[in-house]
Amino acid sequence: DLSTGMTVERIVVPLTLDHRYDRGVSVAASLAERFGLPMLFVCVDLGAGDSIDLDRRALMDAACGAFVAAHPSIVVDDLVLVAIDDPAVALADHLESQDLVILATEAMEGPAGSFAQHLVGNSSSPVLMFGPAAAVGDLEGDVVVAVDGSVLAERSIPAAFGFAAALGSNVRLMEVVPSAVSEHVRRLKERGERVSENAYIRDLAARLDDTRVSWMVIHHDDPAVALSEAARQADAAMIVMSTHGREGFVAQVFNSIALETVRYSRCPVLVQRPVSEPLSAITG
């Protein structure tokens with residue numbers, strides 16, 4: 001059932017100990033308090049062997065201590081990981097499928113973009129990403145789901161329903177149709193063919209059969225820009241997207257669209273690798 005929700009048992013926040021990249025902490029705290037969820041702060045230390053930078057450990061202890069003092073109702077744990085090669089892979093290895101990762105980034109190019117992309121590509125956990133244009137505040141508004149006609153993209157729908165139910169909001173399905181496709185459909189109609197570029201998303205909404213669901217088709221040649229602008233106009237709480245897996249040309253193209261959406265969007269973007277089957281109802 002596509003319309004089932006998702007289970008979140010813990011909120012994980014990668015800490016860089018740099019305020020530019022730790023903007024998501026306030027949102028994580030708000031969700032943890034609202035739904036009674038524990039939190040895990042993770043700091044990845046690029047060290048050698050099993051060594052840990054003692055200064056980083058001390059800074060981590062201080063940051064967690066200050067957080068606990070400000071949020072005494074939240075159960076908090078912390079972890080300093082040593083990563084010899086890829087910090088995102090080191091973090092992914094410690095995640096469970098029912099963790100929600102909240103990650104903020106100032107720019108999606110270079111190390112920050114690589115970390116986000118590698119984390120999503122190596123973990124089945126959903127990652128809520130705040131890009132440079134995203135406001136950090138309470139999550140209010142509809143949950144936008146990006147679909148593209150594929151079953152893999154539809155695997156993000158359970159997460160969207162889970163958040164919509166938790167936030168008391170609705171779900172908006174959005175499909176971006178390139179101008180070349182729209183022109184092809186127009187020519188077919190002129191020849192008397194019974195075709196519709198809205199057929200897929202209309203059928204998807206009918207299959208979901210839920211009064212909380214609405215849909216729209218956007219005509220644009222840049223999916224990331226189109227989704228970001230449509231979400232802004234809708235005052236959406238978040239955009240939900242599914243990647244198409246780890247490898248291959250299609251995966252690279254779709255992953256780049258997801259990361260570009262994070263770059264432009266004024267709301268957070270929830271990105272998740274497709275899971276083998278829909279998830280159950282959200283905690284809380």
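This report walks through the sheet, one helix packed on it, an aromatic pair and a buried serine in a predicted model.

## The sheet

Start with the big picture: 10 strands make up an open sheet, running in the order 3-2-1-4-5-10-9-6-7-8, with mixed pairing. At the edges sit strand 3 (76-82) and strand 8 (213-219), each of which pairs on one side only. From one strand to the next, the twist averages 25°.

Now zoom in on the stretch around strand 5. Strand 4 pairs with strand 5 in the parallel sense, over four bridges, and Ala-104 stands opposite Phe-130 of strand 5. Strand 5 also pairs with strand 10, but here the sense is antiparallel and there are three bridges; Leu-128 stands opposite Leu-270 in strand 10. Moving on, strand 10 (residues 269-272) and strand 9 (residues 238-242) are parallel partners over four bridges, with Met-241 opposite Val-271.

Which way do the side chains of strand 5 point? Val-127 and Met-129 go one way, Leu-128 and Phe-130 go the other, and all are buried.

## Helix 1 on the sheet

Helix 1 (residues 25-35) packs on the sheet, where it touches strand 1 (10-14), strand 2, strand 4 (99-104) and strand 5 (127-130). The direction of helix 1 makes about 170° with that of strand 1.

Plenty to look at along this helix: Val-25, Val-27, Ala-28, Ala-29, Leu-31, Ala-32 and Phe-35 are buried. As a reminder, an α-helix has 3.6 residues a turn, so residues three or four places apart point the same way. Right after helix 1 comes Gly-36, with a positive phi near 65°.

## The aromatic pair

You'll find one aromatic pair in the structure. Phe-41 and Phe-67 meet edge-to-face, with 5.0 Å centre to centre and 80° between the planes. Phe-41 belongs to strand 2 (residues 39-45) and Phe-67 to helix 2 (residues 54-70), so the pair ties together parts that are 26 residues apart in sequence. Are these two buried or exposed? Both Phe-41 and Phe-67 are buried.

## A serine tucked away

Ser-156 is in the loop between helix 5 (151-154) and helix 6 (157-167). Its relative accessible area is 1%, so Ser-156 counts as buried, the cut-off being under 20%.

What does Ser-156 touch, leaving aside residues up to four places away in sequence? The contacts are Val-145, Ala-146, Val-240, Met-241 and Ser-242. Met-241 is the residue that stands opposite Val-271 in strand 10.

Definitions and conventions: Residues numbered from 1 in each chain as written. Predicted model: local features only at pLDDT ≥ 70, side-chain atom pairs only at ≥ 80, totals over all residues. Heavy atoms only, no water. Phe/Tyr/Trp six-rings, centres within 6.5 Å; stacked < 30°, edge-to-face > 60°. Helix = DSSP H or I, 4+ residues; strand = E, 2+ residues; numbered from the N terminus. Buried < 20%, exposed > 50% of the residue type's maximum accessible area, 1.4 Å probe, protein only. Pairing = 2+ DSSP bridges. Axes fitted to C-alpha atoms, helices over the stretch in contact; angles between N-to-C directions. Contact = heavy atoms within 4.5 Å.
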